[in-house]
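Grab a viewer and work through these exercises with the model open. Each one sets a task and then walks through a solution.

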Amino acid sequence: MSRLANYGSEKASHFTESVIREMSRVAAAHGAINLAQGFPDFPAPSAIKQAAVEAILADHNQYAVTWGTKALREAIAWKVKRDYGVEIDPEQQITVCCGSTEGMIASLLATVNPGEEVIVFDPFYENYGADVILCGAIPKYVRLHAPDFHLDLDELAAAFSNRTRAIIINTPHNPTGKVFSREELLLIAELCTKYDVLAITDEIYEHILYDGAAHVPVWTLPGMAGRTMVVNSISKTYSVTGWRIGYVIASAEISRSVRKVHDFLTVGAAAPLQVAAASALKFAKDYYRELAAFYAARRELLYNALAEAGFQCTKPAGAYYIMADIRPFGWDDDVRFAHYLTREIGVAPVPGSSFFCPDNPDAHLFVRFCFCKGIDTLQGAADRLRKLQHFKASG
Ligand SMILES: Cc1ncc(COP(=O)(O)O)c(C=O)c1O
């Protein structure tokens with residue numbers, strides 16, 4: 001066969017295109033309400049939009065320093081100190097990236113060697129699987145058990161070994177809404193210390209918490225400051241998923257490695273948007289309280305609509321997604337169900353299997369809905385989902 005017959009690389013052959021983003025296209029094709037991809041359909045805060053316009057007019061339009069505009073790095077360090085009491089050196093410990101998406105893969109490429117194992121909780125945000133493969137590393141999955149997606153601490157301990165290089169921890173968690181408890185994180189910290197393992201923590205939903213749930217940054221736990229890479233972004237907290245501004249916080253030594261990888265991946269994130277992001281990070285604490293209350297109302301609306309339609313689901317403790325069990329409708333094929341719902345009912349979810357390891361017995365039993373939408377959008381989805389209730393009664 002000609003060498004040119006297949007241009008795809010070996011690594012690229014091991015993962016598919018993003019199912020989340022594919023479902024957004026399917027939703028648009030069928031005129032369905034898109035509760036698949038987690039992006040807001042309401043305006044971003046005026047203050048941050050104004051700051052972006054001013055930054056462009058003030059000619060912040062050329063490459064920023066590759067690891068991030070000084071004002072943004074200082075704002076990140078200021079906010080981390082205010083929220084968690086942790087002192088970070090903005091000159092040496094922060095790398096601004098193109099979203100946390102780049103932050104995650106830059107962190108992995110900077111620290112993980114081919115053949116090493118990376119622990120990933122299953123289900124997981126779909127990028128992590130591809131990221132680990134692109135590093136030539138081996139994902140080691142640890143299950144979160146439905147319906148409440150709890151962690152079995154013995155299974156966790158059994159996953160660590162001398163082959164483990166890193167663990168990815170996403171809390172609050174997409175897709176399940178789980179917020180890892182201090183006890184769970186303390187055990188993870190203990191195991192990381194015992195096996196000399198790095199922690200890469202995706203904290204993008206740190207402010208979207210419900211019912212008094214608290215976010216515990218792994219970095220603050222004993223023995224973890226030197227071995228943790230915090231991956232975060234402004235996408236979700238300030239409702240600007242299209243700006244692509246994220247950041248990695250790590251020790252000076254790890255940051256040197258992350259900065260090199262980042263430089264050659266993307267050179268830098270959009271310069272004027274970095275200036276505007278710095279102003280967002282300075283918002284007062286009330287902003288974050290209001291954000292959580294804003295999403296709590298939407299969680300209530302979508303949860304009630306799903307329960308009324310006949311789904312079985314657990315209320316998330318954080319983030320803005322609900323995993324819904326499709327078995328009450330007699331289905332056990334999440335992909336067909338997600339397409340059916342989009343086409344016939346007019347509401348698009350993401351098939352759960354895009355978040356699970358294929359051998360997980362729950363892989364095909366869930367679909368994920370997001371509620372980062374206006375009340376009218378969610379009300380419209382609730383009205384459409386009522387048709388499913390009739391389907392269940394007659395089907
Ligand atoms: C857990 C998690 N991490 C990262 C991302 C991507 O974030 P960003 O827009 O900062 O690249 C998402 C987006 O949905 C997410 O849910």
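**Exercise 1. Place V267, then decide whether it is buried or exposed.**

Step 1: V267 sits in the loop between helix 8 (252-266) and helix 9. Helices here are DSSP runs of H or I with at least four residues, strands are E runs of at least two, and both are numbered from the N terminus. Residue numbers start from 1 along each chain as its sequence is written. This is a predicted model, so keep its filters in mind: local features need pLDDT of at least 70, side-chain atom pairs count only at pLDDT 80 or more, and totals for chains, interfaces and linings use all residues.

Step 2: Look at the backbone. V267 is not a glycine, yet its phi is positive, near 65 degrees. For context, most residues other than glycine have a negative phi.

Step 3: Count neighbours. V267 has 11 C-beta neighbours inside 10 Å, so it counts as exposed. The cut-offs, with C-beta atoms placed from the backbone: buried means 20 or more other C-beta atoms within 10 Å of the residue's own, exposed means 12 or fewer, and partly exposed is in between.

**Exercise 2. Do the same for S239, then look at Y238: which residues does Y238 touch?**

Step 1: S239 lies in the loop between strand 8 and strand 9. Its phi is positive too, about 55 degrees, and S239 is not a glycine.

Step 2: S239 has 21 C-beta neighbours inside 10 Å, so it counts as buried.

Step 3: Y238 is in the loop between strand 8 (228-233) and strand 9 (246-249). With 24 C-beta neighbours inside 10 Å, Y238 is buried.

Step 4: Leaving out residues up to four places away in sequence, Y238 touches A44, P45, I48 and A280. Contact means that the two C-beta atoms, placed from the backbone, lie within 7 Å.

Step 5: For a distance check, take N162, 76 residues from Y238 along the chain: the two C-alpha atoms are separated by 40 Å.

**Exercise 3. Find the cis peptide bonds at P123 and P175, and say where each proline lies.**

Step 1: D122 and P123 are joined by a cis peptide bond with omega about 15 degrees. P123 is in the loop between strand 3 (117-122) and helix 5 (127-134).

Step 2: N174 and P175 are also joined by a cis bond, with omega about 20 degrees. P175 belongs to the loop between strand 6 (164-170) and helix 7 (182-195).

**Exercise 4. How do helix 3 and helix 9 pack?**

Step 1: The axes of helix 3 (residues 70-84) and helix 9 (residues 271-281) come within 8 Å and cross at roughly 20 degrees. Axes are lines fitted to C-alpha atoms, for helices over the stretch in contact, and angles run from 0 to 180 degrees between N-to-C directions.

Step 2: That makes helix 3 roughly parallel to helix 9. The classes are roughly parallel under 35 degrees, roughly antiparallel over 145, roughly perpendicular from 65 to 115, and oblique for the rest.

Step 3: The crossing is left-handed, a term for a near helix turned anticlockwise from the far one by less than a right angle, with right-handed for clockwise.

Step 4: On the helix 3 side you'll find A71, L72, A75, I76 and K79, which meet Q274, V275, A277, A278 and L281 of helix 9. By class, that contact has eight nonpolar, one polar and one charged residues. Ala, Val, Leu, Ile, Met, Phe, Trp, Tyr, Cys and Pro count as nonpolar, Asp, Glu, Lys and Arg as charged, and the others, Gly among them, as polar.

**Exercise 5. What surrounds the ligand?**

Step 1: The shell has 13 residues, and the closest are G99, S100, T101, S233 and S235. A residue counts as near if its C-beta atom, placed from the backbone, lies within 6 Å of the molecule or strand in question.

Step 2: Helix 4 (residues 99-111) supplies the largest share of that shell, three residues.

Step 3: Sorted by class, the shell has two nonpolar, ten polar and one charged.
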